[in-house]
Each structure stands twice: as C-alpha cells, then as structure tokens.
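Welcome to a short set of exercises on a single model. Have your viewer ready and try each task before you read its solution.

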Amino acid sequence: MPANTPPVLTIDGPSGSGKGTISRLVADQLGWHLLDSGALYRAVGYAAGAAGLDLSDADAITRCAQTTKIRFRDPGDGGETRVVVNSHDATDELRTETAGAAASAIAAFPGVRNALFEMQRGFRKTPGLVADGRDMGTVIFPDAPFKVFLTASAEERARRRHKQLKDKGLNVTLAALLREIQARDERDAARTVAPLRPAVDALTIDTTGIPVAGVVAAVLSVVRPA
C-alpha cells in the first residue's frame, strides 16, 4: 500500500453483530470517516421498492443501482447520520427489517455490486476510514491494514435487533426476527458473489455477552496496539 494512501479499518460481520454501533464509536474515537456499506444496499432496495420493481429482476435492480442517488448527511447534533435517497431522507425506512431483507436479496446480483464498488472505494479519504459491511475486508478494501470480523450467536443478534426496533416503536416479534436473521445468514454465506466470511487476515471477535465498550476497546487495539 503506497505511503500516502489513507488507512482503512474494515469491520465485517453478519446482521446484528453490532457492526453499525461499533463502527460509529470507533470512527469517532479515531477521528476517521465512516462508511456504512449496508446503507447503500438498503438504499438501492428502498429505491427499487419505491419504483415498484421486482427484486428478483437482476437487470432492473442493476439499472436502479446505477441511477440511484445516495447521499450521507451529518445532522450536526451528534445524532445518527441521515441517508438521503433520490432527494428523500429515507433513514428511518432503511432501518426496517423489510429494507434489510431487500438489501440482502439484491446484494447477490453481480451488477449491483459492481455499480456500488467504486462508490464505496471513494470513501477512502484522509485521515482514514472505518468501513462497516459484509465484504469490506475481502472485496472492497482487501489491502486494508486493519481488519475485524464481528460475530455473535443468532439468538443474541435477534435479541439486540428486537430491542433496537422496539425502542423505535416498531411492532416486531423475537421469533420472527430470529427466523429472518438465520435465513439472511444462510443467504449471505451461500451467495456466489462475495459470500459473507472473514478475511484471512481479519481478527474475529465474538461479541456475545460482551458490553459495547469492551468490543470498542478490542477493535481499537487492532489499530492502536498496546
């Protein structure tokens, strides 16, 4: 990696492993930029749904990925980053399980992944980038000097997601969330394009039962060894 290339910390893992929360906190601690790659796929899935497209139509979804305008906006008050899709603030819609399932489905299409590849690479800027996703360390930034793979039991991930959605006032059941997470795990791991797996040089951290602060400290230690 050239000396002037900004460093990247990739944080990959399955749904509900804590990637989003940990990535934001670590990026804040390091003062680095943040890429929520899952939001890009959710945004395309949202745009496709808004356009009434069939999510199984690879050609139509690829065209949608090529034309959808996605912008991240910092609210400036310490709150969560807003995601603007085709001029509409779709942040809340993108956090639903429906959007997550759509993202997982369309992420299997090579055309969609190609359309978003360069967009994601463009987030690599000084002083550094924390990249949150499923294939950040294996496909998008294989040369990243720092790589982490977060995981947790499906039951633990379902409980976290259930609490998160209930706190937002959404009516969901734990059993349904567990089924969705297990199905998404199988789909993500089995796809032929960029299957979900740790990079060979990534540190795997099982976050089951570990407080957020403990996970943040473990991830930071990859970038800043004691």
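Which residue forms a salt bridge with Glu156, the closest N and O atoms being 3.3 Å apart? Before the solution, two notes on the ground rules. This is a predicted model, in which local features need pLDDT of at least 70 and side-chain atom pairs count only at pLDDT 80 or more, while totals for chains, interfaces and linings use all residues. Residues are numbered from 1 along each chain as its sequence is written, and side-chain values use heavy atoms, with hydrogens and water left out.

**Exercise 1. Salt bridges around Glu156**

Solution.
Step 1. Apply the criterion: a salt bridge is a side-chain nitrogen of Lys or Arg within 4 Å of a carboxyl oxygen of Asp or Glu. The partner at 3.3 Å is Arg160.
Step 2. Look for another partner. Arg159 also forms a salt bridge with Glu156, at 3.1 Å from N to O.
Step 3. Place the residues. Arg159 and Glu156 both lie in helix H8 (residues 154–167), 3 residues apart, about one turn of the helix. Arg160 and Glu156 are 4 residues apart in H8, again about one turn. Helices (H or I, at least four residues) and strands (E, at least two) are DSSP runs, numbered from the N terminus.
Step 4. Check exposure, where buried means under 20% relative accessible area, exposed over 50%, and partly exposed in between (1.4 Å probe, protein chains only). Glu156 is buried at 15%, whereas Arg159 at 44% is partly exposed and Arg160 at 26% is partly exposed.

**Exercise 2. A bridge between distant parts of the chain**

Find the partner of Asp135, and decide whether each residue of the pair is buried or exposed.

Solution.
Step 1. The side chain of Asp135 meets that of Arg113 in a salt bridge, 2.4 Å from N to O.
Step 2. This pair links distant parts of the chain, 22 residues apart: Asp135 sits in the loop between strand S6 (129–133) and helix H7 (136–140), and Arg113 in helix H6 (residues 110–121).
Step 3. Asp135 is buried, because its relative accessible area is 2%. Arg113 also counts as buried, at 8%.
Step 4. Widen the view. The model has 12 salt bridges by this rule, and Arg73, Arg82, Asp89 and Asp92 are linked in a network of them.

**Exercise 3. A small sheet and its loop**

In what order do the strands of the 3-stranded open sheet run, and which are the edge strands?

Solution.
Step 1. The order is S3-S4-S5, with antiparallel pairing. Two strands pair if DSSP finds at least two bridges between them.
Step 2. S3 and S5 are the edge strands, since each pairs on one side only.
Step 3. S4 and S5 pair over 2 bridges, and Val84 stands opposite Asp89 in S5.
Step 4. Inspect the loop between strand S4 (82–85) and strand S5 (88–89), where Asn86 lies. Phi of Asn86 is near 50 degrees, a positive value in a residue other than glycine. Ser87 is in that loop between S4 and S5 too, with a positive phi of about 75 degrees. Most residues other than glycine have a negative phi, and most peptide bonds are trans.
Step 5. Compare accessibility: Asn86 is partly exposed at 41%, while Ser87 is exposed at 75%.

**Exercise 4. The largest pocket**

What volume does the largest pocket have, and which residues lie nearest its centre?

Solution.
Step 1. Set the terms. On a 1 Å grid over the protein atoms alone, a pocket is an open set of points where a 1.4 Å probe fits, with protein on both sides within 12 Å along at least five of seven lines; lining residues have an atom within 4 Å of a point. Grid points are joined across faces, edges and corners, and the volume is the space filled by probe spheres set on the points.
Step 2. The largest pocket holds about 880 Å³ of space.
Step 3. Its lining has 42 residues, with Gly16, Gly18, Lys19, Gly20 and Thr21 nearest the centre.
Step 4. Sort that lining by class: 10 nonpolar, 14 polar and 18 charged residues. Here Ala, Val, Leu, Ile, Met, Phe, Trp, Tyr, Cys and Pro count as nonpolar, Asp, Glu, Lys and Arg as charged, and the others, Gly among them, as polar.
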